[in-house]
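Visitor: I'm new to this one. Could you take a single part and walk me through it slowly, then show me how the rest fits around that part?

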Amino acid sequence: MTSKDQNQTNSRTGQKPLQKNNPIDDQKISRRQFFFIIIQTQIGVGVLSVPFELHSAARQDGWISLIIGASALPVVLLAIWGTARNFPEDSLYRINEKIFLTWGGRVLSAGFVLYFISVGTLIIILYSRMISLWVLPHTPLWITASLMILVCFYMISGGLLVMGRLYTMLSVLILILFGVILYSAKEMNIVYLFPILESGWGRVFGAVNQAFFSFFGYIVSLVIYSKVIGTHKEKLKVILYAHSFVFLFYFIIVFVSFTYFSTEEITLVPEPILYMLKAFELPIIARLDLFFISIWVVNVATTFGTYLYMAGLGLSHLCPICTKTTAGIIVGIIVLALTLYVGYDIQKTEQLNQLVLRMGYAFSLGIPLIMLPLSYVRKNRYKEGE
């Protein structure tokens, strides 16, 4: 039966006509590309500020908070994997509708889209502020923000496979960041970490909030799980390996920062990595801090690009008349509008940061844990319905 005959038959029976699948939607990525998409989503704008945030919450014991947070997150990662395993052919947004029924799932999917847009807006604001402070102080916000959004939209327009290949290629820059940070470790002083637990366990556990915030990008593994080639066990290994790599990266940054600056000094430097690198020179690189920023910008682009992709994917699912390209444009415009509204206002930025943190706890921690047991119930009901 031809597609024309099929459409005529569907029209007589009251069913919607079949639509041709977009080849981009059928693309699959390898496990290696899956690994690099996860780490590129998690390692982004927070690289420069996470040591300061942890120290503000737990002083020199902030590195312990990072270890506790990273050790607890595999529970959530296993919940994400278990949920995706029960619906291996569906994206996050279809899983929502199968677990929470159609309308409940659509409301939850709309919440995820708003969460991704909020995170993307915060990323653009923090990125633009950093560029304004360190590189381009006289460049208007709308220029730095719109250029980043346009570049990221072009980056994701080729689909998930193109993103996977690009992220894999750009990940070599993370190794360069590793090298630069380890080079500065020659001046570290372990004494600055003592006395250990001076702040008490209360402040250490309180700082776990900031540790969790650094890892929240792992939710991408639930969004694109169905597009990854491999067995469920192989995919689980990739998710856990990616988490371990990101933890190691952040731990080295925090540990080097805490042992380079004293407890009194680090309270005065919101971006300790940049101030630390500013004191070093290489024979062919006079300003290591600006060299670091030039690579950091790429990591910001890959992080924001993923959130732009996830939000656009959700919007196109909720609004069938919107193609993924149109949905991506709409999301980009919304992010730019919100960025210009918040601007460099410290109070508004802090309010947005607190909103994103609360939404992160809901959508990246709470909901995945709720979805796991429900996914087994709904999976069994779907099997019985067959």
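Guide: Here is a close look at one helix, followed by the chain around it and a few residues elsewhere. A word on the source first: this is a predicted model, where local features need pLDDT of at least 70, side-chain atom pairs count only at pLDDT 80 or more, and totals for chains, interfaces and linings use all residues. Residues are numbered from 1 along each chain as its sequence is written, and side-chain values use heavy atoms, with hydrogens and water left out.

Let's start with helix H7, which takes in residues 101–134. Helices here are DSSP runs of H or I with at least four residues, strands are runs of E with at least two, and both are numbered from the N terminus. H7 has 34 residues and reaches 49 Å from its first C-alpha to its last, close to the 50 Å expected at 1.5 Å a residue; that expected span is 1.5 Å times one less than the number of residues. Is H7 mostly covered or mostly open? Mostly covered: 24 of its 34 residues are buried. Buried means under 20% relative accessible area, exposed means over 50%, and partly exposed is in between, using a 1.4 Å probe and protein chains only.

Now step back to the chain around H7. The protein chain has 19 helices and 0 strands, and 52% of its 386 residues count as buried. Its C-alpha trace spans about 75 × 45 × 40 Å along the principal axes. Contacts, meaning heavy atoms within 4.5 Å, often link distant stretches of sequence: among those with a separation of 6 or more, 83% are between residues 24 or more positions apart.

Two residues show such links. Leucine 336 sits in helix H18, residues 324–342, and is partly exposed, with a relative accessible area of 24%. Setting aside residues up to four places away in sequence, leucine 336 touches Trp142, Ala145, Ser146 and Ile149. Glutamine 210, in helix H12 (residues 208–215), is in contact with Glu53 and Leu54, leaving aside its neighbours within four places in sequence. The C-alpha atoms of glutamine 210 and proline 51 are separated by 9.7 Å, though the two are 159 residues apart along the chain.

Last stop: a loop. Methionine 188 is found between helix H10 (172–184) and helix H11 (200–206). Methionine 188 is partly exposed, with a relative accessible area of 35%.
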